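Colleague: Please take me through this structure with a handful of questions, and show the reasoning behind each answer.

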Amino acid sequence: MTLADVENKAGLCRITCGWKKPELPIDWVRLYWRDVHSPAIARRAGLYDYRHYQYNPVRDDVLAPIEGIEYNAPPLEQLMWTSDVRYRDEAALAIFDKSPEGKAKSDILGDIDIIVDQSTTYRAVDENAVTYVDDTGIAMPQGSYASPTFALFIRSRSSEEQFRSCLRQIAEAWSKKTGVLRLRLSLFDAPDMEKERKAGYPVKTHPVESQYQALIDLTLDTEARGQTLVGDNDGIDYAAQISTIHTYPVRAIYTSNYNGKPTLVGLRGYPAYQALTALDAENQRQTSLLEWMYGDVAKNGTAEGS
């Protein structure tokens, strides 16, 4: 089974895009999300995959220019992170929404009030959330990525049907090009704030004009490959369907749950993962020890296979 096959078992994903509160230092927000918030999320029932992405500022020089498409984004309007949370299906999401029981869930969600100024959660379901290729050889990226990796957040110019058809064409064409190591396309449903509110999430959504309609998760063998993706002979009229492409360089990715199991980062936090990996501490990866430390969530080992 390929890495893409494993990801495509998830029939539903929720991608939450956020900005921090302006008074908070970004370095502390990143550490808090990675080492405090994410390990709590990784233990919730119903999860299939959970990745936290941190971004550097938008760049307008990764792709070749396309007349009529805006590549620049005002600095104060740029996203700072996304949480990509995936589930097998709606039933698994329902289990997740009830986990954990009691006050613990509201305690976890209290992190949003601590950190978040604005955020929007997008859903992508079934054929609208597909990994076309993943030849990176890295199932669970942790930390900075060796290959140039970008998150392309896209706004539409046309109808939903036309826009989605165009994005699927783009994903098919780009995924076959030399140097494209990974491409995942997420076509977003319009955010449903009432559903988020009923699930207990504080609603701090971006204004409609700042929202996106699609995301391409893209990894290249070299940064220069980005200039080769848009071709005159690919038969795609980009500007007719797309108004905006904001290309965020991925600063780091942290995978806290994979294929239905927490990772070592999800259980122990990234600093502990770094230390035990550096010293090849196999004893600290063993299911017997992890179950003793973390209980039932670790009884079947971690996603790394211990």
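Modeller: A term to settle before we start is that helices and strands are DSSP runs, helices being H or I over at least four residues and strands being E over at least two, numbered from the N terminus. Please also keep in mind that this is a predicted model.

Colleague: In which loop is the place of Asp126?
Modeller: Phi of Asp126 is near 55 degrees, a positive value in a residue other than glycine. Most residues other than glycine have a negative phi. Asp126 is partly exposed, its relative accessible area being 47%, and its place is in the loop between strand 4 (116–125) and strand 5 (129–134).

Colleague: Is Asp280, which has a positive phi, buried or exposed?
Modeller: Asp280 is not a glycine, yet its phi is positive at about 50 degrees. This residue sits in the loop between helix 9 (270–278) and helix 10 (287–294). Exposed means over 50% relative accessible area, and Asp280, with 53% relative accessibility, therefore counts as exposed.

Colleague: Which two residues does a cis peptide bond join?
Modeller: Most peptide bonds are trans. Here, an omega of about -10 degrees belongs to a cis bond, and Pro100, one of its partners, lies in the loop between helix 3 (90–97) and helix 4 (103–115). The residues joined by this cis bond are Ser99 and Pro100.

Colleague: How many helices and strands are there in the protein, and what is its radius of gyration?
Modeller: The protein has 10 helices and 11 strands. For 306 residues the globule rule gives 19 Å, and the value for the protein is close to that, so the protein is as compact as a globular protein of that length. The C-alpha atoms fill a box of roughly 60 × 40 × 40 Å along the principal axes, and the radius of gyration is 19 Å.

Colleague: What share of the contacts with a separation of 6 or more comes from residues 24 or more positions apart?
Modeller: Burial gives some context, since 53% of the 306 residues count as buried, while the protein exposes about 13,600 Å², of which carbon and sulfur atoms supply 51%. Among the contacts with a separation of 6 or more, the share from residues 24 or more positions apart is 86%.

Colleague: How far apart are the mean positions of the positive and negative charges?
Modeller: Side chains of opposite charge can pair when their charged atoms come close, and the structure holds 20 salt bridges. With 34 positive and 43 negative charges counted, the two mean positions are separated by 4 Å.

Colleague: How many residues apart in the chain are Glu7 and Arg184?
Modeller: Glu7 and Arg184 form a salt bridge, with their closest N and O atoms 3.6 Å apart. Glu7 belongs to helix 1 (residues 3–7) and Arg184 to strand 8 (residues 180–187), and the pair links distant parts of the chain. Glu7 counts as buried at 2% relative accessibility, Arg184 is buried as well, with a relative accessible area of 2%, and their separation in the chain is 177 residues.

Colleague: Which aspartates belong to the network of salt bridges that includes Glu7 and Arg184?
Modeller: On the positive side, Arg51, Arg86 and Arg182 are linked into this network along with Arg184. Its acidic members include Glu7, and the aspartates are Asp49, Asp84, Asp134 and Asp217.

Colleague: Which residue forms a salt bridge with Arg30?
Modeller: The closest N and O atoms of this pair are 3.9 Å apart, and a salt bridge needs the two within 4 Å. The partners are 3 residues apart in helix 2 (residues 26–42), and are therefore separated by about one helical turn. Arg30 counts as buried at 16% relative accessibility, whereas its partner, partly exposed at 48%, is Asp27.

Colleague: How many residues apart in sequence are the parts tied together by Arg164 and Asp189?
Modeller: Arg164 and Asp189 form a salt bridge, the closest N and O atoms being 3.3 Å apart. Arg164 lies in helix 5 (residues 160–175) and Asp189 in the loop between strand 8 and helix 6 (193–198), so the parts they tie together are separated in sequence by 25 residues.

Colleague: What is the C-alpha to C-alpha distance between Leu215 and Pro74?
Modeller: Leu215 is found in strand 9 (residues 214–220) and counts as buried at 8% relative accessibility. Leaving aside residues up to four places away in sequence, Leu215 touches several residues, among them Ile15, Phe153 and Arg184. Pro74 is 141 residues from Leu215 in sequence, and the C-alpha to C-alpha distance is 19 Å.

Key:
Residues are numbered from 1 along each chain as its sequence is written. This is a predicted model: local features need pLDDT of at least 70, side-chain atom pairs count only at pLDDT 80 or more; totals for chains, interfaces and linings use all residues. Side-chain values use heavy atoms; hydrogens and water are left out. The radius of gyration is taken over C-alpha atoms; the globule rule is 2.2 Å times the number of residues to the power 0.38. Buried means under 20% relative accessible area, exposed over 50%, partly exposed in between (1.4 Å probe, protein chains only). Contact means heavy atoms within 4.5 Å. Accessible areas come from the Shrake-Rupley method with a 1.4 Å probe; for residues, only the protein chains shown count as cover. Lys and Arg count as positive and Asp and Glu as negative; His and the chain ends are not counted. The place of a charge is taken as NZ of Lys, CZ of Arg, CG of Asp or CD of Glu. A salt bridge is a side-chain nitrogen of Lys or Arg within 4 Å of a carboxyl oxygen of Asp or Glu.
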